[in-house]
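User: Please take a close look at one part of this structure: its polar contacts and the residues around them. Walk me through it step by step, and bring in the ligand site as well.

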Amino acid sequence: MKALVVGAGIAGLVTARQLGLAGWDVEVLEKSPAPRPDGYMMDFFGPGVAAAERIGLYPRLAAAAYRVEAAEYVDAAGRTTCRLDYDRFGRLAGGNVLSLLRPDMERAALAALDDVPPGKVRVRYGATVSLVVNDDDGVRATVADAPDVTLAADVLVGADGIHSGVRAQLFGPEEEYLRPLGMRAAAFIVTDPQLNARFRDRFVLTDSIGRVAGLYSLRSDEVAALLVYRDAGTAGELRAWSPQERLRREFPGLGSAVDRLLELCPEHPYDDVVAQIVMPGWRAGRTVLVGDACGAVSLLAGQGGSLAIAGAAVLGEVLGPVSSPAGIGPALAEFERRWRPAVEVAQAAGRRAASSFLPANPTQRLLRRWVIRATQLPGIGRLVASRIVGRIAK
Ligand SMILES: Cc1cc2nc3c(=O)[nH]c(=O)nc-3n(C[C@H](O)[C@H](O)[C@H](O)COP(=O)(O)OP(=O)(O)OC[C@H]3O[C@@H](n4cnc5c(N)ncnc54)[C@H](O)[C@@H]3O)c2cc1C
């Protein structure tokens, strides 16, 4: 059996590995010329932990994880206003919380392709899938720079992220499925030894209204930055500026560390709408979507990487044993039946987190401080954690 996987993000690479281990021939097509270096620190907890343990990926992820003592909110003078102890957060979230840089998670998934017998999985970078055809005989895809060459397979997996082109071609335009949460997020990595020394082992977040800047020191002299701000919408003049200009205009006055980040901000950092993808169905004929393409939860749910791994693991489990085209439809239906409930729970948690993540006024900010301080109190800590992380996955 042969599969084409569009997208070598976390969901695409893990799907490819699992199908390769099951004996499939897999071709992964990724538009970027190499693994993408962008992205911030991601909490890795919930369903992805159990899935990563089950499929043997957990040790690679644990080896790449960062130690985080706390998430600290600070005012413009750098004084701590409230603090979430990470060991405690980890216990409340059911244990086993890893903090991983998005590109490290992707690199771990790429390295794990070594577990597959040679020749079973091929990853092609710099290959933008431009056309997808889905009919009774199978699927076909065309890559932008070689439009005359048609790639054929038994199954096509759209793992091409929140702005999925596979989804647009086979399921309908993005506007039908993308649910914006009213904000944008930018992430980039800068090199600055002094900044790095100031913020070791903790997430630092500005305790600000309508925008938040987060910093985390990496192992080298680098600092990872996350900037989340209200989306001005298509009419907003901010839209016309480059991401770098937009961030410099949105984030003044939050203290010297943020000023330094803005100075070092690259011209084109990762900068995208914070949104979810909600679809009535994830499969069409021999094509199926996985990861953000069908069920993006947004960074507010804190589980994008976790769900990408868990969803890909479930897809591998149901599709892997299929040995004839007749088995594909039922397997894809089973994937959706098994996996959709977990995605819906995480999406609900993401929507609930929106107001506390980016408070609109001083009252909402006070409420957030209260919620974070309350995690230190015995008894209500678990209740509060469930507000932060949703129904805590076992
Ligand atoms: C650059 C980047 C930075 C991110 N930073 C953060 C972050 O800081 N915090 C956070 O919570 N989440 C972040 N995310 C989202 C997070 O990666 C996902 O929620 C999660 O990892 C699930 O990923 P996925 O594999 O489903 O999709 P993605 O990670 O989006 O991967 C999709 C892949 O498909 C490729 N692709 C798209 N279209 C095509 C095409 N036509 N042909 C071939 N390939 C195509 C893309 O280049 C990409 O590599 C980021 C995503 C990206 C792409």
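Analyst: A polar contact of 2.5 Å joins the side chains of D192 and R260. The model is predicted, and side-chain atom pairs count only at pLDDT 80 or more. D192 sits in the loop between strand 12 (178-191) and helix 7. Is this loop residue buried or exposed? D192 has 5% relative accessibility, so it counts as buried, the limit being under 20%. Leaving out residues up to four places away in sequence, D192 touches D221, V223, R260 and L264. R260 is thus both a contact of D192 and its side-chain partner at 2.5 Å.

Now follow the chain past helix 7. The loop between helix 7 (193-198) and strand 13 (202-206) holds D201. Phi of D201 is near 65 degrees, a positive value in a residue other than glycine. At 29% relative accessibility, D201 is partly exposed. D192, at 5%, is buried.

A second side-chain pair is T81 with D207. Their side chains make a polar contact of 2.7 Å. T81 belongs to strand 5 (residues 80-85). Why does T81 count as buried? Its relative accessible area is 19%, and buried means under 20%, so T81 falls within the buried class. Beyond four places in sequence, T81 touches Y73, V74, D75, D207, R369 and R373. D207 is on that list, as the 2.7 Å pairing of side chains would have it.

Next, Q276. Its place is in strand 16 (residues 270-277). It is buried, with a relative accessible area of 1%. Which backbone atoms does its side chain reach? One is the backbone oxygen of V297, at 2.9 Å. Another is the backbone oxygen of Q347, at 3.0 Å. The contacts of Q276, aside from neighbours within four places in sequence, run through several stretches of the chain. They include Y177, L178, R179 and L181. A296, V297 and S298 are also among them. So are Q347, G350 and R351. One of these contacts, L178, is 98 residues from Q276 in sequence. In space, the C-alpha atoms of Q276 and L178 are 5.8 Å apart.

S298, a contact of Q276, deserves its own look. It lies in the loop between helix 10 (292-295) and helix 11. Its phi is positive, about 85 degrees, although S298 is not a glycine. S298 is buried, with a relative accessible area of 12%. D201 also has a positive phi, but D201 is partly exposed.

V297 leads on to helix 11. Its backbone oxygen takes the side chain of Q276 at 2.9 Å, and V297 is also in contact with L307. L307 is located in helix 11. It is buried, at 6% relative accessible area. Besides V297, L307 is in contact with P47, W339 and A346, neighbours within four places in sequence left aside. L307 and G46 are 261 residues apart in sequence. Their C-alpha atoms are 8.1 Å apart in space.

Helix 11 also takes us to the ligand. Which elements each supply at least two residues of the shell around it? They are helix 1 (10-21), strand 2 (25-30) and helix 11 (304-319). There are 27 residues around the ligand, and A11, E30, Y40, V129 and D292 come nearest. By class, the shell divides into 13 nonpolar, seven polar and seven charged residues.

Three polar approaches to the ligand stand out for this account. D292 brings a polar side-chain atom to 2.8 Å from an oxygen atom of the ligand. R36 places a polar side-chain atom 3.3 Å from an oxygen atom of the ligand. K31 acts through its backbone: a polar backbone atom is 3.0 Å from a nitrogen atom of the ligand. How much of the ligand does the protein bury? Taken alone, the ligand exposes 930 Å², and the protein buries 91% of that.

Last, the cysteines. C265 is buried at 4% relative accessibility. C294 is buried too, with a relative accessible area of 3%. How many disulfides turn up in a search of the whole structure? The count is zero.

How values were computed:
Residues numbered from 1 in each chain as written. Predicted model: local features only at pLDDT ≥ 70, side-chain atom pairs only at ≥ 80, totals over all residues. Heavy atoms only, no water. Near = heavy atom within 4 Å. Polar contact = N/O pair within 3.5 Å; in protein donor to acceptor, adjacent residues only side chain to side chain. Areas by Shrake-Rupley, 256 points an atom, 1.4 Å probe, with all protein chains shown as cover. Helix = DSSP H or I, 4+ residues; strand = E, 2+ residues; numbered from the N terminus. Nonpolar A, V, L, I, M, F, W, Y, C, P; charged D, E, K, R; others polar. Disulfide = S-S within 2.5 Å. Buried < 20%, exposed > 50% of the residue type's maximum accessible area, 1.4 Å probe, protein only. Contact = heavy atoms within 4.5 Å.
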